[in-house]
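The following exercises concern one protein structure and are to be worked with the sequence and the coordinates at hand. Each task is followed by its solution.

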Amino acid sequence: MIYDFSMSIKVFITINDPRWEKHKIDFDKIVDTAIRATGANGDGEVSIILTNDSEIQELNKKYRGKDAPTNVLSFETGDSELLGDIFISFDTVMRELPNDFIAHASHMVVHGVLHLLGHDHINDSDADKMESLESKILKKLGIGDPYKTEIRGKYYLPVLTFLCGVIASLGFAPFYLWPATLIGIGGAYAIISTRKKSYLLPFAFGAGYAVANFWWVLNSIYVVPELAAQFAIWTAPGVIGIALFGGIVFALPFLLTKWTGVNNWYRPIIFAAAWTFVLWLREWLLTGFPWNPIANITMPWPALSNSMALWGALGLTFIIIGLIAACTNPKKYKWSFALFVPLLIIGIGYGHYNIHAINKLPAPESPIIRIIQPAAGQSFKINREAVDEAVRQLVELSRTGDGNPDIIIWPETAYPILIPFDMDGNVLVDFAPARELNATVIAGVNTVRVPESRNIRDAQFYNSMIVADATGTINHIYHKSHLVPFGEYGPLGGLVPTPGEMSRGDGPEVININDFTFSPAICYEIIFSDSLVPRGARPNMIINITNDTWFGRTPGPYQHLDMTRRHAIESGVPVIRANYSGISAFVAADGTIISSLPIGVAGTLDGTVGASRITPYRIIGRNWMMAIILLLSIAVYRFGRPKKD
């Protein structure tokens with residue numbers, strides 16, 4: 001409530017600490033200016049007590065429940081004449097701004113008067129209004145804007161939050177410096193949450209986080225000299241584009257939290273929900289790129305990472321982000337701890353159970369599977385003159401190893417010859433390598449749907465996986481449905497040139513090979529939560545073929561493997577991963593790497609398929625988990641919101 005007065009204000013000063021006496025401050029003018037700036041002409045009394053940390057701490061503890069000193073306390077009476085008392089601590093004011101003590105003390109008087117007149121800063125919206133009014137009053141008094149000085153004067157803050165974003169990226173593979181992620185996100189949260197008017201700081205964090213997380217995608221420009229000559233000019237724009245787009249995306253959790261106006265004990269819950277919501281959005285934007293959910297920093301701890309079998313990467317990310325934010329102010333956010341700590345403990349408990357349950361299940365009668373990792377250079381791989389040699393090497397490599405496998409898996413686009421099929425889906429050629437190897441071969445190929453007109457301009461090209469039996473007959477073709485933006489299609493209408501324009505497949509399915517079933521995944525399709533196994537299906541395995549040659553020994557291939565392990569945990573289905581350059585691996589349903597081939601090593605890997613189980617997360621699904629988190633956050637916001645007196 002704002003009071004309306006008609007006469008002059010009376011200010012009574014009480015000095016409880018003699019150090020105030022040597023500082024000449026015109027309290028009458030400050031109070032009068034503050035009241036008039038609200039649109040009222042004052043007639044009433046204000047009492048200002050100039051004290052110290054000792055006295056103000058006692059008052060803060062008694063009346064606010066906070067056992068710590070503060071700069072100013074206001075006690076409004078609700079009376080239109082006796083407005084109330086303002087206590088100001090010399091020690092805290094001097095400590096906060098020793099070089100401009102009088103200006104800061106004047107600011108505290110203005111702040112206290114506005115509280116007496118009914119203004120508050122419980123939420124961000126009210127705080128913005130109150131701070132704007134304070135700045136206006138101080139300007140009339142010839143004092144600079146304290147909030148402008150705080151935000152823009154400290155020019156290093158955007159740099160600091162940018163570095164927080166860079167540091168936060170170090171928790172993922174291959175570094176696994178998880179404390180860096182906690183410090184980076186926690187530091188950015190602490191800085192941004194106390195500076196309500198700055199939109200640059202969240203963007204700076206997002207830009208640093210995005211560039212540090214995704215710079216390696218630009219390595220693909222330089223793998224093949226012919227492509228480098230054409231696309232190298234896009235390197236700098238690529239970095240800038242990652243920074244700009246990532247800056248916006250990863251600033252959203254901070255901005256959404258600010259938009260809610262929350263500034264109390266449940267702010268970490270709202271922030272964690274906002275971060276998780278943005279992760280969920282990343283499943284869809286530009287066909288999606290939900291790379292590196294925060295949950296992936298837990299991969300070195302199986303019990304914790306296996307909590308994703310209960311609530312997925314979305315739920316575990318929600319818990320971790322909430323705990324990070326709560327740790328920035330444990331006293332203020334203690335009730336947020338009361339939510340996140342039990343969830344963390346429940347998750348670890350279920351993670352232990354999930355590992356035990358999978359290891360206890362009997363393994364199915366599995367075919368012997370051989371993964372082929374050619375590890376040839378990308379230039380050789382796309383050399384049209386070396387097609388016959390490339391096929392010969394693949395066949396010879398497939399023959400190495402002990403015994404005869406039942407299924408041989410070649411990686412993404414390993415077979416260098418285009419496979420045609422007609423408009424009805426009938427394959428027009430046989431797959432000779434399967435006949436030569438006398439085994440079922442699952443291979444990554446490029447396919448083309450031949451139009452009835454036979455005009456190449458009407459043809460549709462696909463990134464595909466074929467299943468060919470020992471006679472060479474191709475019994476099934478799966479087409480990739482999640483295409484890579486800027487690599488396999490142009491999301492901006494051709495504004496940025498792309499190496500290929502591929503067509504999309506129809507989405508997830510289950511393929512049967514002699515009563516042994518699998519869900520196919522090509523390349524980064526494995527990174528999409530709850531997207532490979534059709535609802536109600538129970539495949540024995542997921543087969544993921546990929547080609548990380550484009551990214552060399554950067555963090556990309558290591559993080560891609562962790563995305564595969566995450567999907568195995570969430571779905572409860574083991575994954576067989578054939579990577580052209582490495583890392584190829586057999587991954588158990590609890591995310592354990594059973595065996596693997598390192599990057600850059602040509603070879604084969606034989607193994608069988610382990611047990612699988614239906615996890616709670618697979619039943620709940622990605623969208624329902626997000627709905628649960630949002631409903632929880634809305635409930636906390638609705639019922640935990642403080643009421644104004």
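pLDDT is the predictor's confidence in each residue, from 0 to 100. This is a predicted model, and the protein averages a pLDDT of 88, with 92% of the residues scoring at least 70.

**Exercise 1.** Determine where pLDDT stays under 50 over residues 1–7 and 149–153, and how many contacts beyond four places in sequence the model has there.

Solution. Over residues 1–7, pLDDT stays under 50, and the model has 26 such contacts for this stretch. Over residues 149–153, pLDDT likewise stays under 50, with eight contacts beyond four places in sequence. Where pLDDT is low, the predicted coordinates should not be read in detail.

**Exercise 2.** Establish the strand order of the open sheet of six strands, and state which strands stand at its edges.

Solution. The order is E11-E12-E13-E14-E15-E16, and the pairing is mixed. Strand E11 (511–513) and strand E16 (593–597) each have a single partner strand, so one side of each lacks a neighbour in the sheet. On average, neighbouring strands are turned by 20° against each other, direction ignored. Within the sheet, E12 (residues 516–522) pairs with E13 (residues 541–546) in the parallel sense over five bridges. Phe-518 has Met-541 of E13 as its bridge partner.

**Exercise 3.** Describe where helix H19 (residues 555–571) lies, and decide whether its residues are buried or exposed.

Solution. H19 lies across E13, E14 (575–579), E15 (584–587) and E16, running at about 160° to E14. Its 17 residues reach 25 Å from first C-alpha to last, close to the expected 24 Å. Of the 17 residues of H19, 16 are buried, so the helix is largely enclosed by the rest of the structure. Gly-572 follows H19, with a positive phi near 75°.

Technical notes. Residues are numbered from 1 along each chain as its sequence is written. This is a predicted model: local features need pLDDT of at least 70, side-chain atom pairs count only at pLDDT 80 or more; totals for chains, interfaces and linings use all residues. Side-chain values use heavy atoms; hydrogens and water are left out. Two strands pair if DSSP finds at least two bridges between them. Helices (H or I, at least four residues) and strands (E, at least two) are DSSP runs, numbered from the N terminus. Axes are lines fitted to C-alpha atoms, for helices over the stretch in contact, and angles run from 0 to 180 degrees between N-to-C directions. Contact means heavy atoms within 4.5 Å. The expected span of a helix is 1.5 Å times one less than its number of residues. Buried means under 20% relative accessible area, exposed over 50%, partly exposed in between (1.4 Å probe, protein chains only).
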